[in-house]
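Please open the structure in your viewer and keep the sequence panel visible. The tour below proceeds by selections, each followed by a description of what is found there.

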Amino acid sequence: MGKAYEAIDERLAKLIARQHLFFVATAALSAEGSVNLSPKGLDSFVILDPHTVAYLDLVGSGAETIAHLRENGRITILFCSFEGPPSLLRLYGRGEVVEPGDTDYE
């Protein structure tokens, strides 16, 4: 059975820091729209505070994640350990796109 956490504590932050790969999932609101699940990594994830994270979305196969976030803001980020004890951590939340030149980009 899963456990829900109110915030990213030190133990969860350490688990996240050990992962070299994570997955981002978003979906369109429309039943005809797609669900997008993308692998991410390359040291692009950062914890800004116990309730806020960010990652650099490198250009890949398209801009589905950006389109979905602009449409509805829903996002899930999944970390899963590939070494040591099995562990899954999902971050459910609201996302926003921040581009170079935007006030919050730095």
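A residue is called buried when its relative accessible area is under 20%, exposed when it is over 50%, and partly exposed in between. The model on display is a predicted one.

Begin by selecting Y105, which lies in the segment after strand 6 (88–94). Is Y105 to be classed as buried, exposed or partly exposed? Its relative accessible area is 38%, so Y105 is partly exposed.

Next, extend the selection to L42, L56, L58 and V98 while keeping Y105. Together these residues form a nonpolar patch on the surface, and their combined accessible area is about 490 Å². A surface representation suits this step.

Now select the whole chain and colour it by secondary structure. The chain contains 2 helices and 6 strands. Followed along the sequence, these elements occur in the pattern α-β-β-β-β-α-β-β.

Switch to the C-alpha trace. Along its principal axes, the trace spans about 35 × 35 × 25 Å. For 106 residues, a compact globule would have a radius of gyration near 13 Å; the chain has 14 Å and therefore agrees with that expectation.

Return to the surface of the whole chain. The chain exposes about 7800 Å², of which 56% is supplied by carbon and sulfur atoms. Buried residues account for 27% of the 106 residues.

Finally, display the contacts within the chain. Of those between residues at least 6 apart in sequence, 49% join residues at least 24 apart.

Methods. Residues numbered from 1 in each chain as written. Predicted model: local features only at pLDDT ≥ 70, side-chain atom pairs only at ≥ 80, totals over all residues. Heavy atoms only, no water. Patch = residues over 30% accessible without salt bridge, like charges linked within 9 Å, V, L, I, M, F, W, Y side chains within 5 Å. Areas by Shrake-Rupley, 256 points an atom, 1.4 Å probe, with all protein chains shown as cover. Salt bridge = Lys/Arg side-chain N within 4 Å of Asp/Glu carboxyl O. Helix = DSSP H or I, 4+ residues; strand = E, 2+ residues; numbered from the N terminus. Buried < 20%, exposed > 50% of the residue type's maximum accessible area, 1.4 Å probe, protein only. Rg over C-alpha atoms; globule rule 2.2 N^0.38 Å. Contact = heavy atoms within 4.5 Å.
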